Amino acid sequence: MPAVWTYPWNLTSDGLAETCEGLAARGVDALTLASHYHSIRSLDPRHPDELFTAYPGGCYFDPDPGRFADMPIDPLPNEVSGLDDPVAETVEAAADHGLGVNAWTVCLHNSRLGAANPSYRVESAFGDAHDHALCPSNPEVREYFAAVVEALVDRGVAEVHLESVGFGSPFHEHGWRWGHPKRQALTGTTEEVLLAQCFCEGCRTAATDHPIDLGRAQRVVRDLVREWLAVPAADAPPLDAVVADEPVLDDLFAFRSAVVESFVARLAEAAGSVPLSYYVMEGHLGADPTGLWPAGVRPDRLADHLDRAMAICYVSAPDRARDRIRSLRETVDGDVTVDAGVTLDPNVVPDEATFDSLVEAVRSDVDGAVSVYHHGLMTDTHLDWLASTFGR
Ligand SMILES: [Zn+2]
Ligand SMILES: [Zn+2]
């Protein structure tokens, strides 16, 4: 059951129906389509005459005015040539070729949404707000994404796939407003994670329902970061050690995970009977399911609200992929179907033999589907690999 990730513009370059037919002939049975997405500039090697495509953060469906009418956050649709409602039209065209469509839904990380909705941005311990992400402590943010999920479900998607549900790093280099980071005084993970902790108005309000002194946590974070900013090389201790020294930070991370859990629970309610999945990774922390708690992401706690979870296996060694799948399976319980994502990035998977052995390992280990990253970034040679690995 292989799926490929794709962008709407990758499906129209050669005609939507023709592209669906071609992928189905290569053994693909689902498209995972960017539906709500961060900014992007992608290079399509199969179309040298239209090599680059760039979009700001936005959504790839035509938002029904009524659904978002009472919300302070409006969806920001991106226009794709030849499609009025990319998600709805892709679902329809794909069905003609036996392909399901999953909605690839990037949530909190979206610099354009952040810039357009400054009141709901994440805000560091020093009070500086950041465009790169909205904060899920705000009920308005949770309701906006719930409406997005409902809109996608209404368009007949087979599954809703969530990415970026946790608190992301302030060091994130893309977008016209969001510059390349120049950060030489703060280099380590401990410093990055603490600077990524949010103390916005939404968090202060949400914290009143949790056993935490958020003001004290903010002072502790600020004092620690200030100390590290004052010296050329901070050499901060590992995060675990810092948390052990400052119990209020333990409370802070427990609060974070409660916020993220209630966010995902709300999205599960919005998805209804359509299976909900989460891509187990958060940008600055990687894809180890047990290592995402500094972003508030505890896959063991999210499991109650998810039907599926995607182990991101962007590795070359089959054993490393298996380890990641097993680690995820141990973290979530048996009710969650584990899928696996593999990449065709040549730096990771340089040749067909590596791809074959990786897919073989992953297929025998997951109970769910294998997803391949990424249809729009593939060369013609990669399409041949798909056909020989998955073709019927
Ligand atoms: Zn990004
Ligand atoms: Zn916040």
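**Review note on a predicted model**

1. Trp104 is a convenient place to enter the structure, since this residue is buried, with a relative accessible area of 2% (buried means under 20%, exposed over 50% and partly exposed in between, for a 1.4 Å probe and protein chains only). This is a predicted model, in which local features need pLDDT of at least 70 and side-chain atom pairs count only at pLDDT 80 or more, while totals for chains, interfaces and linings use all residues. Residues are numbered from 1 along each chain as its sequence is written, chains are lettered from A and ligands numbered from 1 in the order in which they are written, and side-chain values use heavy atoms, with hydrogens and water left out.

2. As to the overall build, the protein chain contains 15 helices and 13 strands (DSSP runs of H or I with at least four residues, and of E with at least two, numbered from the N terminus). Along the principal axes, its C-alpha atoms fill a box of roughly 60 × 50 × 40 Å. Of the 392 residues in the protein chain, 58% count as buried.

3. Aromatic contacts deserve a careful look, as 19 aromatic pairs are found when the whole structure is searched (rings of Phe, Tyr and Trp, the last by its six-membered ring, pair if their centres lie within 6.5 Å, with planes under 30 degrees apart stacked, over 60 edge-to-face and the rest tilted). One of these joins Trp104 to Tyr373: the ring centres are 6.3 Å apart and the planes stand at 80 degrees, so the pair is edge-to-face. Because Trp104 belongs to strand E6 and Tyr373 to strand E13 (residues 370-373), the pair ties together parts that are 269 residues apart in sequence. Tyr373, at 22% relative accessibility, counts as partly exposed, whereas Trp104 is buried.

4. A second edge-to-face pair is formed by Phe253 and Trp293, with 5.0 Å from centre to centre and 85 degrees between the planes. Phe253 lies in helix H11 (residues 247-271) and Trp293 in the loop between strand E10 (276-279) and helix H12 (299-302), so this pair ties together parts that are 40 residues apart in sequence. Phe253 counts as buried, at 6% relative accessibility, while Trp293, at 24%, counts as partly exposed.

5. Which residues do the ring pairs link into a cluster together with Trp104? The other members are Trp5, Tyr7, Trp9, Tyr37, Tyr55, Tyr60, Tyr279, Tyr314 and Tyr373, so that a reader who begins at Trp104 can trace the cluster through these rings.

6. Two arginines are also placed over aromatic rings (the criterion is CZ of Arg, or NZ of Lys, within 6 Å of the ring centre and within 35 degrees of the ring normal). The charged end of Arg41 sits over the ring of Phe52, at 4.1 Å from its centre, and Arg256 lies over the face of Phe167, with 4.4 Å to the ring centre.

7. Two points of the backbone should be checked by eye. The peptide bond that leads from Tyr373 to His374 is cis, with omega near 15 degrees, and His374 is found in the loop between E13 and helix H15 (380-390). Ser164 is not a glycine, yet its phi is positive, at about 60 degrees; this serine is in the loop between strand E9 (159-163) and helix H7 (189-195), and with a relative accessibility of 12% Ser164 counts as buried.

8. The largest pocket is lined by 34 residues, and those that lie nearest its centre are His38, Glu163, His172, Met281 and Gly283 (on a 1 Å grid over the protein atoms alone, a pocket is an open set of points with protein on both sides within 12 Å along at least five of seven lines, a cavity is a set where a 1.4 Å probe fits but cannot get out, and lining residues have an atom within 4 Å of a point). Two or more lining residues come from each of strand E3 (40-43), strand E6 (100-106) and strand E8 (129-134), and E3 has the largest share, with three.

9. The lining of the largest cavity consists of Val122, Glu123, Ser124, His130, His132, Gly168, Pro170, Leu195, Ala196, Gln197 and Cys198. Strand E7 (121-123) and E8 each supply at least two of these lining residues.

10. Finally, Phe355 lies in helix H14 (residues 352-365) and is buried, with a relative accessible area of 0%. Between the C-alpha atoms of Phe355 and Pro318 there are 9.4 Å in space, although the two residues are 37 residues apart in sequence.
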